[in-house]
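The following exercises practise the reading of a protein model. Each task is followed by a solution in steps.

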Amino acid sequence: MSQTQADAPESLGDRVRSAAKWSLINTLLIRIGTFATGVVLARGALTPRDWGLYAVGGVAQAVLLSFNELGVSLAVVRWDRDPRTFAPTVVTLATASSTLLYVALWFLAHDIAIMLGSPDATGVLRILCFAVVVDGVACVPNAVLMREFRQRARLTIDLLTFVVSSGLTLILAFRGWGASSFAWGGVAGVMVALIGCGIAAPGYLRPGWDRAVARELIRYGAPLAGASLFVLATMNTDSAVVGATLGPVALGLYRVAFTMSSWPVRAISETARRVSFAGFSRAAVSAQTLTDGFTSGLSPLLIASVPACALLAALPSPIIRSVYGDQWTGAAGALRYLAILGLLRIIFELCYDFMVAAGRSRALLTVQAIWLAALIPALIIGAHRHGISGVGLGHVIVAAGLIGPAYLLTLRAVGIHPLRIFAVTWRPVIGGAVVVAVAMAVNHVAGDSDLGLAGASLAAMVAYVPIAVPASAMRQVWGAVGSRLSRRPKATPLPAITDERLASGESL
């Protein structure tokens with residue numbers, strides 16, 4: 001390599017690819033660690049009531065974090081100007097607004113806890129929500145790391161945060177601190193994150209003030225903060241309803257069910273969304289390539305996600321018992337429906353990215369408004385009639401009966417006919433039905449044991465693949481496997497990667 005090549009600055013594409021790699025590693029490590037910590041706590045230290053009290057604090061914290069810094073930190077990421085020229089004003093605005101919100105929360109904590117059906121959660125609320133203040137202080141260096149694609153540094157910070165937060169939570173939980181162990185662990189974690197961000201992006205914690213810049217920042221950030229709050233309300237209404245109507249024990253069980261139903265969403269949908277929006281945005285130069293990109297992306301997403309969601313819906317009780325233990329099997333009724341919701345969420349998130357890339361943000365806001373307006377009464381009615389199972393059922397009724405058709409209408413408006421969607425979804429849908437039937441039949445014969453669960457899952461997957469995966473795709477997979485396993489006397493050069501191959505989505 002020549003000296004010129006060695007000294008050449010890294011291209012934007014290289015930086016994005018590197019950031020995506022480290023971000024994916026970050027997500028996998030933290031998700032696995034968080035899951036393992038939750039299992040240990042559920043099996044050995046905490047009760048459903050403890051989990052419910054923490055969930056009350058988590059709902060309040062999530063709401064505050066959605067708009068605590070007024071959306072102004074996004075300017076650090078998106079504005080073209082040098083962030084050092086306006087970062088001090090961002091620090092002042094974010095810290096001040098976050099502190100004011102926390103002070104208000106401190107005085108209203110008991111009333112909020114009562115409103116959510118858990119008066120004992122007052123202390124947890126006050127401790128846990130202090131993270132809102134720390135987040136306001138740290139938002140600028142955190143945004144700088146994002147702006148500069150420094151996901152490797154972000155990985156180091158997140159791992160240290162996880163170790164401190166989870167470690168302290170486990171220690172306190174096994175010493176009998178209950179739900180407060182979550183709160184103190186969370187506060188310790190965000191303090192570590194603040195220190196890490198300050199070290200990784202020095203000079204961005206200094207406050208300052210420029211009135212003109214402040215007005216510009218508020219005009220820019222306020223709509224984004226409002227949109228974030230709107231979406232968050234849809235995602236947390238169920239916890240508020242369960243806590244207020246059924247109490248902390250039911251809320252703890254419900255949160256476990258919701259967490260389990262979100263496994264496929266986090267493992268599959270979040271990974272896909274790392275590239276889906278950028279891919280749709282690039283394809284948006286042509287209406288045809290944009291619509292083709294949606295249907296070609298929907299097919300593998302469904303093939304990957306349907307069996308996991310179908311197994312959760314078919315065998316909720318054995319899966320919960322195997323992972324978390326007997327005391328959590330009360331969550332099985334909700335999990336059966338929430339697993340279906342998880343599959344719908346994966347589809348809706350792809351639709352969301354597509355509609356943003358297609359310039360249909362107003363239609364998206366309309367869909368979100370309809371969703372929230374219909375969801376609140378459905379969840380309340382479901383909770384009163386059937387407990388947490390009714391809440392899960394209410395979710396599915398609104399999502400499948402109202403939001404699914406609404407997305408079909410918005411997609412049709414940009415040229416995607418429902419028949420095109422049916423053409424790429426019928427195989428995995430039928431395969432999912434077969435997974436449910438086979439898993440339930442094998443489990444009935446084998447019995448409720450870990451071995452029976454493993455056998456039912458394996459049999460269901462064996463039945464699913466030939467139905468859901470087209471024969472042509474299977475031949476390509478087996479051909480690729482065979483070529484890798486076969487011995488060759490010498491290396492075969494790779495075919496040239498051309499623009500035509502990339503555009504056609506051909507496997508490399």
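**Exercise 1. Describe the surroundings of Val76, beginning with its accessibility.**

Step 1. Val76 has a relative accessibility of 0% and therefore counts as buried. Here buried means under 20% relative accessible area, exposed means over 50%, and partly exposed lies in between (1.4 Å probe, protein chains only).

Step 2. The model is a predicted one, in which local features need pLDDT of at least 70 and side-chain atom pairs count only at pLDDT 80 or more, while totals for chains, interfaces and linings use all residues. Residues are numbered from 1 along each chain as its sequence is written, and side-chain values use heavy atoms, with hydrogens and water left out.

Step 3. Val76 belongs to helix 4 (residues 74-78). Helices (H or I, at least four residues) and strands (E, at least two) are DSSP runs, numbered from the N terminus.

Step 4. When neighbours within four places in sequence are left aside, Val76 is in contact with Pro83, Phe86, Val90, Val140, Ala143, Val144 and Arg147. A contact means heavy atoms within 4.5 Å.

Step 5. Val76 and Asn142 are 66 residues apart in sequence, and their C-alpha atoms are 9.5 Å apart in space.

**Exercise 2. State how many helices and strands the protein chain has, and what share of its residues is buried.**

Step 1. The protein chain contains 20 helices and zero strands.

Step 2. Of its 508 residues, 44% are buried.

Step 3. Among contacts with a separation of 6 or more, 81% join residues 24 or more positions apart.

**Exercise 3. Compare the span of helix 3 with the expected value, and list the buried residues of this helix.**

Step 1. Helix 3 (residues 48-65) has 18 residues. The expected span of a helix is 1.5 Å times one less than its number of residues, and for helix 3 this gives 26 Å.

Step 2. From the first C-alpha to the last, helix 3 reaches 25 Å, which is close to the expected value.

Step 3. The buried residues of helix 3 are Pro48, Asp50, Trp51, Gly52, Leu53, Ala55, Val56, Gly57, Val59, Ala60, Gln61 and Leu64.

**Exercise 4. Examine the salt bridges: how many does a search of the whole structure find, and which side chains meet in them?**

Step 1. The search finds four salt bridges. A salt bridge is a side-chain nitrogen of Lys or Arg within 4 Å of a carboxyl oxygen of Asp or Glu.

Step 2. One of them joins the side chains of Arg49 and Asp120, at 2.4 Å from N to O. Arg49 lies in helix 3 and Asp120 in the loop between helix 5 (87-115) and helix 6 (122-128), so the pair ties together parts that are 71 residues apart in sequence. Arg49 is partly exposed at 33% relative accessible area, whereas Asp120 is exposed at 52%.

Step 3. Another joins Asp158 and Arg154, at 3.0 Å from N to O. These two residues are four apart in helix 8 (residues 151-174), which means that about one helical turn separates them. An α-helix has 3.6 residues a turn, so residues three or four places apart point the same way. Arg154 is buried, with a relative accessible area of 14%.

Step 4. A further salt bridge joins Arg321 and Asp326, at 3.1 Å from N to O. Arg321 is partly exposed at 30%, and Asp326 is exposed at 56%.

**Exercise 5. Classify the aromatic pairs Phe35 with Trp263 and Trp79 with Phe86.**

Step 1. Rings of Phe, Tyr and Trp (its six-membered ring) pair if their centres lie within 6.5 Å; planes under 30 degrees apart count as stacked, over 60 as edge-to-face and the rest as tilted. By this rule there are ten aromatic pairs.

Step 2. Phe35 and Trp263 have ring centres 5.3 Å apart and planes at 90°, an edge-to-face pair. Phe35 is in helix 2 (residues 12-44) and Trp263 in helix 12 (residues 263-283), 228 residues apart, and the pair thus links distant parts of the chain.

Step 3. The ring centres of Trp79 and Phe86 are 5.0 Å apart with the planes at 55°, so this pair is tilted. Both Trp79 and Phe86 are buried.
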